[in-house]
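Please look first at the structure as a whole, and then follow the paragraphs below from the overall arrangement down to single residues.

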Number of protein chains: 2
Amino acid sequence: MKSRNKQQSIKIDPKTNKNPNYYYIHARVWIDKGDKSFLGRGRIDLLELIDRFGSISEAARAMKMSYRHAWELVDSMNQQAPQPLVKKTTGGKGGGGTQLTPIGKTILTLYKDAHEKIDTLLLQLEKKLNTEFQKLKE
Amino acid sequence: MKSRNKQQSIKIDPKTNKNPNYYYIHARVWIDKGDKSFLGRGRIDLLELIDRFGSISEAARAMKMSYRHAWELVDSMNQQAPQPLVKKTTGGKGGGGTQLTPIGKTILTLYKDAHEKIDTLLLQLEKKLNTEFQKLKE
């Protein structure tokens, strides 16, 4: 076995779940209305959970935030969008709840598509970067 | 003239250089080594200016940071990369200076390409989003 294998052994740090010698490329995507923040990762996660659970309080619990805080975030998004992203429903099987409006679903899909495309692109670049860096060590 | 044109008039706020009713999609890209931050927008800007001016002190001045701070950033990058990204040169026409190494240039190009591709993608999505939002107002 060549001695360089010692240096290059891939070890995942169990605390961080990362290989401390690997270079990771990350991106954060957010949407502003004018110069004011409108939607970022946290709010998108909240929308996604509201869509899943049909309930702001369930979504808030899953995100370990208060109902009040979740509602304020929803209210802020609703006011900034041209139409509300989230609406209360009344009656029906579960006795009412909360759901995304069509525009809420549109924007959730658009954001997730964008992030998926970006992550795919960055994963390719990440591999390229690590391959080139690896060559320099050999 | 239809009355809705009043609402939809495009006004750029001179202070922010943004249309307050337009939705802007942004992305930030950064590279970590393991779980430690390695390179982000600020450090990339610094590398780019070092590449342009051939001088850390000129680059620092352009970024309105102290030479000492710029040097610490360069030193941190150099230590985290498999080989230094920036090196001092001695002699020559200008009596020596600082320049990017081939790996420094490679990573600068890779980061800028990544950001350019992402910005192109986001610009398309931004147009799509604003078109859809505009329809909802009509």
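The paragraphs that follow treat the chain, the pair of copies, the strands, the helices and two loop residues in turn.

This is a predicted model, in which local features need pLDDT of at least 70, side-chain atom pairs count only at pLDDT 80 or more, and totals for chains, interfaces and linings use all residues. Residues are numbered from 1 along each chain as its sequence is written, chains are lettered from A and ligands numbered from 1 in the order in which they are written, and side-chain values use heavy atoms, with hydrogens and water left out.

Chain A has five helices and four strands, where helices (H or I, at least four residues) and strands (E, at least two) are DSSP runs numbered from the N terminus. Read from the N terminus on, the order of these elements in chain A is α-β-β-α-α-α-β-β-α. Of its 138 residues, 38% count as buried, a term that stands for under 20% relative accessible area, while exposed stands for over 50% and partly exposed for what lies in between (1.4 Å probe, protein chains only). The accessible surface of chain A comes to about 8,300 Å², and 50% of that surface belongs to carbon and sulfur atoms; such areas come from the Shrake-Rupley method with a 1.4 Å probe, and for residues only the protein chains shown count as cover. Among the contacts in chain A (heavy atoms within 4.5 Å) between residues at least 6 apart in sequence, 49% join residues at least 24 apart.

How is chain B related to chain A? A rotation of 180° with 0.0 Å of shift along its axis superposes chain B on chain A, with an RMSD of 0.0 Å, the fit being made by least squares on the C-alpha atoms of residues with pLDDT of at least 70 in both copies. The two copies are thus related as by a two-fold rotation axis, and in chain B the C-alpha nearest to this axis, at 2.6 Å from it, is that of Arg28(B). Because 100% of the interface residues of chain B are also interface residues in chain A, the copies meet through the same surface.

Within chain A, strand S1 (residues 23-33) and strand S2 (residues 36-39) run antiparallel and are joined by three bridges, where pairing requires that DSSP finds at least two bridges between two strands. Asp32(A) stands opposite Ser37(A) in S2(A). The two strands S1(A) and S2(A) form a hairpin with two residues between them, and in its turn Gly34(A) has a positive phi of about 60°.

Turning to the helices, the axes of H2 (residues 41-53) and H4 (residues 67-80) of chain A come within 11 Å and cross at roughly 100°. H2(A) is therefore roughly perpendicular to H4(A), a description that covers angles of 65 to 115 degrees. On the H2(A) side, Arg43(A), Leu46(A), Leu47(A) and Ile50(A) take part in the contact, meeting residues of H4(A) that include Leu73(A), Val74(A) and Met77(A).

Two loop residues complete the picture. Most residues other than glycine have a negative phi. Asn17(A), however, has a positive phi near 60°; Asn17(A) is found in the loop between helix H1 (4-8) and S1 of chain A, and at 59% relative accessibility it counts as exposed. Lys64(A) likewise has a positive phi, near 55°, lies in the loop between helix H3 (56-62) and H4 of chain A, and counts as exposed at 81% relative accessibility.

Notes:
Axes fitted to C-alpha atoms, helices over the stretch in contact; angles between N-to-C directions. Parallel < 35°, antiparallel > 145°, perpendicular 65-115°, else oblique.
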